[in-house]
Amino acid sequence: MGNADLRQLQKLDQASHIHPFTNHNDLAALGTSIIERAEGCWVFDSEGHRLLDGLAGLWCVNVGYGRHEIIEAVHRQMLRLPYYCSFFNTTNEPAIRLADRLSRLAPGRLRRTMFCGSGSEANETAIKVIRAWNRLRKRPQKTKLLSRKFSYHGVTLGAASLTGLPSVTDPFDLPLPGFVQVPGPHPYAANTDLDSRAYGQWCVEETARIIEREGPHTIAALFVEPVQGAGGVICPPTGYLKSLRQICRDHDILFVADEVITGFGRLGSWFGSELWDLDPDLMTLAKGITSGYLPLGATMLSEQMGDELLKAGYFAHGFTYSSHPTCAAAALANLDLLEKERLVDRVRDESGPYFQSRLREFSTHPSVAEVRGMGLIGALELVPKAGKGAPKPDSALGAKAARIAREEGVIVRGIRDLIAMSPPFTISREEQGTLFAAVRRTLDRFHAES
Ligand SMILES: Cc1ncc(COP(=O)(O)O)c(C=O)c1O
């Protein structure tokens, strides 16, 4: 693209396009970056930069870019039936096959799937399913929803109300009534003297106290990301998830696993729920279900819950794009690739352990306060100027480091004072070498500049 065309596009963008999760003052000052194409783990922008995508788009392009198997499946489906709705006793073959396949892949009792267009919609659907189900069971007072500090469940009114990040809730006067927050197992942010396991135990005890305070008979469900992603790659301390799950059983509170990031292999198992034996009552999915090639979300329920809900008759929920045939075709082709190339096993046995060992090499870097991660997801907490543990009101060291990383040729995500990474599952050792060499240059520059 010529410079004049690029400037013209950037002007059009500024005049008419509102970007998601963007500070538009910064955008106006720094200019828009336009990604033109992508291949494998690499994206190419309109200024001629080739960037290693260390975040797989937005934690989603798990099979990498340019996969002809998905593109051709989508093309074939578009020619045959690009769209038809699933309302009114109608559906399409890819949606049927995908629901069936998920019921065989999913952990524990999860057998029934309702499709939608995104992770937020999947959580919004879960909220409505839970409300409808408790009404059917004649427990209309059981409506409150628990979620954890630092959780991210999306941006629609219910999903944002679940989200434990003030930047997502406060500007919109959320959460709505009936959403109750419990602690997230993040000792680093709590600045506590307890070690990770002890802090996890404290979180469980505090959650139990909050449940008693609110009254267990008023609480419908707890939403949990097995590893909290957008909140800063927070991995559960030993024993924590097991105890949390048990508290829900003890108090007849539904356990919802939000596997929008962790589903389909990022932790080295098909679902994070399997790693901690969570046996969720509901599970929400998106992102890796199509590797981001087309938008698709899913809410899975146990057979029993599905039966009770559907026997009641008309279920007035669903979207124009629920069970979209082309999105379902993309998901089926994506699952074929994951299986054929054994990508989930490879995350577990090869790329994941290598990624974690390379990540942990930074634990002695003077700019790194903590290293976290599992499988192919990880984060580095950056040391603020005033030193580790100093108060950090509005600091955005992560954004600064992510900008430097981009100059060094890689895309990572800046969150608060950390950088997060979650590359495609197809990343080679050599590409991991490129990623981590660029991260080291980034940290060295960051250290020199701070
Ligand atoms: C765990 C989790 N849940 C839900 C969502 C919301 O998904 P979407 O952006 O597709 O609405 C995200 C998105 O990052 C997520 O990470």
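How much area is buried between domain 1 and domain 2, and what share of it do carbon and sulfur atoms give? The legends below start there. The model is predicted.

**Figure 1. The two domains of the chain and the area between them.** Domain 1 is assigned in two segments, 33-63 and 342-449. Domain 2 spans 69-340. Their centres, taken over C-alpha atoms, are 26 Å apart. Domain 1 brings 35 residues to the contact and domain 2 brings 34. About 2600 Å² is buried between domain 1 and domain 2. Carbon and sulfur atoms give 62% of that area. The size of an interface is often stated as the accessible area lost when the parts come together.

**Figure 2. Close-up of Val63, Val344 and Met374 on the domain 1 side.** These three residues supply 24% of the area that domain 1 buries against domain 2. No other three residues supply more.

**Figure 3. Polar contacts across the interface of domain 1 and domain 2.** The rule finds 14 residue pairs in polar contact here, both partners at pLDDT 80 or more. Salt bridges across the same interface number zero. On the side of domain 1 that touches domain 2, two helices and four strands each give two or more residues. The helices are helix 3 (56-59) and helix 15 (343-360). The strands are strand 11 (368-374), strand 12 (377-382), strand 14 (413-415) and strand 15 (418-421). By class, the residues on this side are 20 nonpolar, six polar and nine charged.

**Figure 4. The aromatic pair of tyrosine 83 and tyrosine 321.** The whole structure holds seven aromatic pairs. In the pair shown, the ring centres of tyrosine 83 and tyrosine 321 are 6.0 Å apart. Their planes meet at 80°, so the pair is edge-to-face. Tyrosine 83 sits in the loop between helix 4 (68-80) and helix 5 (93-105). Tyrosine 321 sits in the loop between helix 13 (303-311) and helix 14 (325-340). The pair links distant parts of the chain, 238 residues apart.

**Figure 5. The cis peptide bond between leucine 174 and proline 175.** Omega is about 10° for this bond. Proline 175 lies in the loop between helix 8 (166-169) and strand 6 (179-182). Most peptide bonds are trans.

**Figure 6. Serine 291 and its positive phi.** Phi of serine 291 is near 55°. Most residues other than glycine have a negative phi. Serine 291 belongs to the loop between strand 9 (282-285) and strand 10 (297-302).

Notes
Residues numbered from 1 in each chain as written. Predicted model: local features only at pLDDT ≥ 70, side-chain atom pairs only at ≥ 80, totals over all residues. Heavy atoms only, no water. Domains from an automatic or database assignment. Contact = heavy atoms within 4.5 Å. Buried area = accessible area lost by both parts, 1.4 Å probe. Salt bridge = Lys/Arg side-chain N within 4 Å of Asp/Glu carboxyl O. Polar contact = N/O pair within 3.5 Å; in protein donor to acceptor, adjacent residues only side chain to side chain. Nonpolar A, V, L, I, M, F, W, Y, C, P; charged D, E, K, R; others polar. Phe/Tyr/Trp six-rings, centres within 6.5 Å; stacked < 30°, edge-to-face > 60°.
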